[in-house]
Amino acid sequence: MKKFSFATIAIATVIAASSASAADLPLPVAPAPVYTPAVVRYNWTGFYIGGNVGGAWVQGEDVTDSLFGVNFNNGSNNGTFIGGGTVGFNYQYNNFVFGVEGDFDWAANNNNSGNGILVPTVGTLQVSNNDTWITTVAARFGAAFDRWLVYGKAGGGWVGSDSFTVTNLTTGNSFTGSNNNTDGGWLVGGGVEWAFAGNWSAKIEYDYLGLNSRSFTTTGAIAGIPAGDTFSTGNLNVQMVKFGINYKFGWDAPVAARY
């Protein structure tokens with residue numbers, strides 16, 4: 001009986017000591033939350049202006065004479081220097097960028113004369129037609145990767161041209177005429193732009209401008225050409241490669257990435 005009592009007291013003492021030790025231990029503390037800053041990216045939203053330089057190549061500018069059935073090769077693939085200005089607006093949502101952009105470029109094309117064609121009883125005829133400026137207006141859409149923007153363009157454009165000039169190289173006589181000195185059409189293109197410092201960005205871009213045909217009809221016998229003769233171009237197109245620098249106004253706050 002005494003052994004049982006001693007054993008009972010010993011067990012009770014151990015349990016009490018264990019409970020007291022457990023009470024002295026600190027309570028478990030939940031780990032502090034780890035703060036992960038939001039990923040921020042360059043903000044492409046805003047109005048911008050800029051300048052560009054590059055080259056343009058005209059195809060399909062051969063002129064056909066309906067009366068004599070001859071073709072004046074007027075410099076197909078004829079390249080020229082272009083340069084001008086840009087204005088536009090971008091809006092960025094997450095990684096997507098949408099906007100509109102307009103360009104105006106002068107074309108240094110001042111010697112686009114075709115080959116002289118010998119027409120019996122008339123003489124050797126030459127046709128010249130020079131493109132003087134190119135302007136485009138297009139929607140712009142793309143994907144932004146922080147300071148890099150890959151984009152496409154779709155819209156329309158116009159080319160300002162001098163009037164057709166037909167010269168009879170045999171007699172030295174010439175005449176000029178045109179139904180319309182502005183030729184319009186559709187535009188597609190694309191490029192890559194890099195925001196390299198603050199609100200400054202640089203881009204390289206390719207554009208394809210498909211134009212309508214142009215024609216004019218003589219109203220009187222000039223330079224050996226009878227009245228009613230029609231000169232017309234085929235399906236024109238202009239391909240352009242441009243290098244540009246833009247400056248963006250406003251919306252300097254970075255964009256938080258959304259996942």
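This is a short talk on the strands of one chain and on a lysine in one of them.

Morning, everyone. A word of caution to start: the model is predicted. Let's take the whole chain, then the sheets, then that lysine.

The chain has 259 residues, and 38% of them count as buried. DSSP gives one helix and 18 strands. So what do the contacts look like along the sequence? Take those with a separation of 6 or more: 71% of them link residues 24 or more positions apart. As for the surface, about 13,800 Å² is exposed. Carbon and sulfur atoms supply 65% of that area.

Now the sheets. As a reminder, strands of a sheet pair through backbone hydrogen bonds, in a parallel or an antiparallel way.

Start with four strands. They make an open sheet, and the order is β4-β3-β16-β15. The pairing there is antiparallel. Which strands stand at the edges? They are β4, residues 70–72, and β15, residues 215–217. Each has a single partner strand, so one side of each has no neighbour in the sheet. From one strand to the next, the twist averages 20 degrees.

Look inside that sheet. β3 covers residues 63–65, and β16 covers 230–233. Three bridges join the two strands. If you want a pair to find on screen, take V63: its bridge partner in β16 is T233.

Next, β9 and β10. β9 runs over residues 131–145 and β10 over 148–161. How many bridges join them? The count is 14, and the two strands run antiparallel. R140 is one residue to look for, with K153 as its bridge partner in β10. The hairpin between these strands has two residues in the turn. One of the residues to check there is D146, which takes a positive phi near 60 degrees.

β10 also pairs with β13, residues 182–197. That pairing is antiparallel too, over 13 bridges. Here G152 stands opposite G190 in β13.

Last stop, the lysine. K248 sits in strand β17, residues 237–249. Is K248 buried or exposed? It is buried: the relative accessible area is 5%, and the cut-off for buried is under 20%. What does the side chain of K248 reach? It reaches the backbone oxygen of N43, at 3.3 Å. Now set aside the neighbours within four places in sequence. K248 then contacts Y42, N43, W44, T45, G46, F47, Y48 and N199. So N43 turns up twice for K248, in the side-chain reach and in the contact list.

That's my tour. Over to you.

Conventions. Residues are numbered from 1 along each chain as its sequence is written. This is a predicted model: local features need pLDDT of at least 70, side-chain atom pairs count only at pLDDT 80 or more; totals for chains, interfaces and linings use all residues. Side-chain values use heavy atoms; hydrogens and water are left out. Two strands pair if DSSP finds at least two bridges between them. Axes are lines fitted to C-alpha atoms, for helices over the stretch in contact, and angles run from 0 to 180 degrees between N-to-C directions. Buried means under 20% relative accessible area, exposed over 50%, partly exposed in between (1.4 Å probe, protein chains only). A polar contact is a pair of N or O atoms within 3.5 Å; within protein, one must be able to donate a hydrogen and the other to accept it, and residues adjacent in sequence count only if both atoms are side-chain atoms. Contact means heavy atoms within 4.5 Å. Accessible areas come from the Shrake-Rupley method with a 1.4 Å probe; for residues, only the protein chains shown count as cover.
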